[in-house]
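Reader: I'm new to protein structures and would like a close look at one thing: the pockets. Please take me through them slowly, and show me what surrounds them.

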Amino acid sequence: MRFYNREEELKELKRIQQLAFEESSRMTVVTGRRRIGKTSLIMKAVEQTPTVYLFIGRKNEATLCEEFIPLIAQALQIFVPTEIRSFRNLFQYLMQLSTQRTFNLVIDEFQEFYTINESIFSDMQNIWDQYRKSSHMNLIVSGSIYSLMQKIFQDNKEPLFGRADNIIKQSAFSLSVLKEIMHEYAPTHSNDDLLALYTFTGGVPKYVELFCDNHMLHVESMIHFMARDNSPFTEEGKNLLIEEFGKNYGTYFSILSAIAGGRNTQAEIEAALGEKSAGGYLKRLIDDYNIIIRQRPILAKESSTTVRYEICDNFIRFWFNYFDRNRSLIEIKNFVGLRNIIKADYPTYSGKILELYFKQKFAESYQFRAIGSWWENKGNQNEIDIVALGLEKNKAVVAEVKRQRKNFKPELLEQKVEHLKKKLLPRYTIETMCLSLEDM
């Protein structure tokens with residue numbers, strides 16, 4: 001699959017590179033979940049300029065340096081002393097070199113220094129502070145373990161706090177890019193095929209690439225491609241999250257499984273855990289791991305106890321619903337059974353994701369100041385899928401989301417809107433609509 005989009009990120013990385021080369025060294029941090037395309041973005045931004053790329057694997061520090069020396073020598077066409085055996089000395093050598101010439105230094109999976117030698121962070125801070133003003137290095141570091149990258153660069157107790165000139169958080173593809181990809185790779189696709197790609201990947205580039213490169217871009221073929229022997233998807237959720245969570249991953253997995261299954265209030269989650277307290281875990285999943293979000297009815301106060309928890313990543317949500325929950329089928333390689341479960345559930349499951357699709361579509365239109373849902377604690381009879389407050393004062397859009405428009409009951413939505421106006425938006429002019437597959 002060719003390189004798509006990322007124009008704004010590329011522009012920013014090019015701007016920083018120019019400042020580093022013409023004025024003084026700059027440090028950029030690129031974060032984002034695994035498979036989001038951080039390395040592809042960085043290497044696209046630095047192409048055609050001298051670049052040293054170092055991947056931090058979990059190896060002995062001296063071994064890493066031994067591997068890095070010929071890479072640096074080849075990339076910059078220079079001699080590098082072979083006796084260097086510490087990253088501190090190697091980094092100092094590169095910083096000294098950058099006082100005489102310009103180049104990019106890319107350090108991938110930067111957070112792995114925690115397991116190799118934690119003092120590298122303070123060594124780098126001292127060397128960076130010493131040489132930054134007199135050198136011309138464009139230093140770009142990236143990492144996939146969100147909690148550790150946050151800690152390294154945004155915890156004021158850490159040595160590299162405040163050293164990054166820019167932190168770029170890489171996001172999934174926008175809806176317009178997903179549509180562009182579908183038009184290019186599957187010109188005869190249906191809106192349901194587009195919804196399936198969004199449902200299964202959430203726009204994460206690596207997953208989209210797997211479907212495109214294998215010509216699997218119709219609902220049934222996507223399901224078959226994911227739910228089969230040796231599929232790259234069956235262990236993906238586990239591989240993504242275990243490094244983030246560490247030894248406590250079991251409790252986090254149980255919480256995410258409960259949320260994915262629709263038990264999304266704290267009381268419901270704690271009941272699923274056998275009445276174990278979940279407050280601390282939920283807070284860390286939001287603040288430290290950026291995996292779930294806390295949802296309140298639109299315009300609700302921060303102090304409101306009307307709260308639902310939602311997994312932000314479509315793939316993780318899907319993985320917990322089908323791969324984690326049906327682990328026994330995967331263990332005995334009953335992929336026919338797994339595919340049948342996914343196919344049978346797909347119309348209902350994708351209907352819920354369609355609501356997220358339209359919320360994202362509203363957000364990407366830049367025409368609204370707030371987008372959410374509305375419900376009341378006492379029951380779901382007045383629940384509304386989407387409430388979007390316009391930039392223009394006292395204007396709002398209220399939408400019911402249905403896969404099939406024929407299932408829409410306009411009189412029921414009108415009743416809900418009247419109740420909403422009385423309770424929350426008395427002075428608003430409200431436009432109501434039904435959004436279905438036809439409107440994607």
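**Around the pockets**

Author: Let's start with the walls: the lining of the largest pocket is made up of 19 nonpolar, twelve polar and nine charged residues. (Charged is Asp, Glu, Lys and Arg; nonpolar is Ala, Val, Leu, Ile, Met, Phe, Trp, Tyr, Cys and Pro; the rest, Gly included, are polar.) Keep in mind that this is a predicted model, where local features need pLDDT of at least 70 and side-chain atom pairs 80 or more, while totals for chains, interfaces and linings use all residues. Residues are numbered from 1 along each chain as its sequence is written, and side-chain values use heavy atoms, without hydrogens or water.

The largest pocket has a volume of about 1,200 Å³. (On a 1 Å grid over the protein atoms alone, a pocket is an open set of points with protein on both sides within 12 Å along at least five of seven lines; a cavity is a set where a 1.4 Å probe fits but can't get out; lining residues have an atom within 4 Å of a point. Points join across faces, edges and corners, and volume is the space filled by probe spheres set on them.)

If you want to find the largest pocket on screen, try Ser 171, Ala 172, Cys 312, Asp 313 and Gln 360, which of its 40 lining residues lie nearest the centre. Plenty of elements chip in: helices H8 (175-185), H9 (191-201), H12 (236-245), H16 (314-324) and H18 (335-365), along with strands S6 and S7, each give at least two residues to this lining. (Helices, H or I with at least four residues, and strands, E with at least two, are DSSP runs numbered from the N terminus.) H18 has the largest share here, with five residues.

Now zoom in on the loop between S6 (292-295) and S7 (308-311), where you'll find Leu 299. Its phi is near 70°, a positive value in a residue that isn't glycine. Most residues other than glycine have a negative phi. Leu 299 counts as partly exposed because its relative accessibility is 45%. (Buried is under 20%, exposed over 50%, partly exposed in between, with a 1.4 Å probe and protein chains only.)

On to the second largest pocket, which has a volume of about 870 Å³. It's lined by 34 residues, and Arg 308, Glu 310, Lys 352, Glu 355 and Glu 383 are the ones nearest its centre. The elements giving two or more residues to this lining are H13 (249-260), S7, H16, H18, S8 (368-376), S9 and S10. H18 again has the largest share, this time with seven residues. The lining of the second largest pocket splits into 14 nonpolar, seven polar and 13 charged residues.

There's another loop to look at here, between S9 (379-390) and S10 (395-401), and Asn 394 sits in it. Asn 394 also has a positive phi, near 60°. With a relative accessibility of 24%, Asn 394 counts as partly exposed.

What about closed spaces? The count comes to one cavity of 30 Å³ or more, with a volume of about 40 Å³. Its lining is Val 29, Thr 31, Tyr 146, Met 149, Gln 150, Phe 153, Gln 154 and Ile 167. Strand S1 (26-31) and helix H7 (146-154) each give two or more of those residues, and H7 has the largest share, five. That lining has five nonpolar residues, three polar and no charged.
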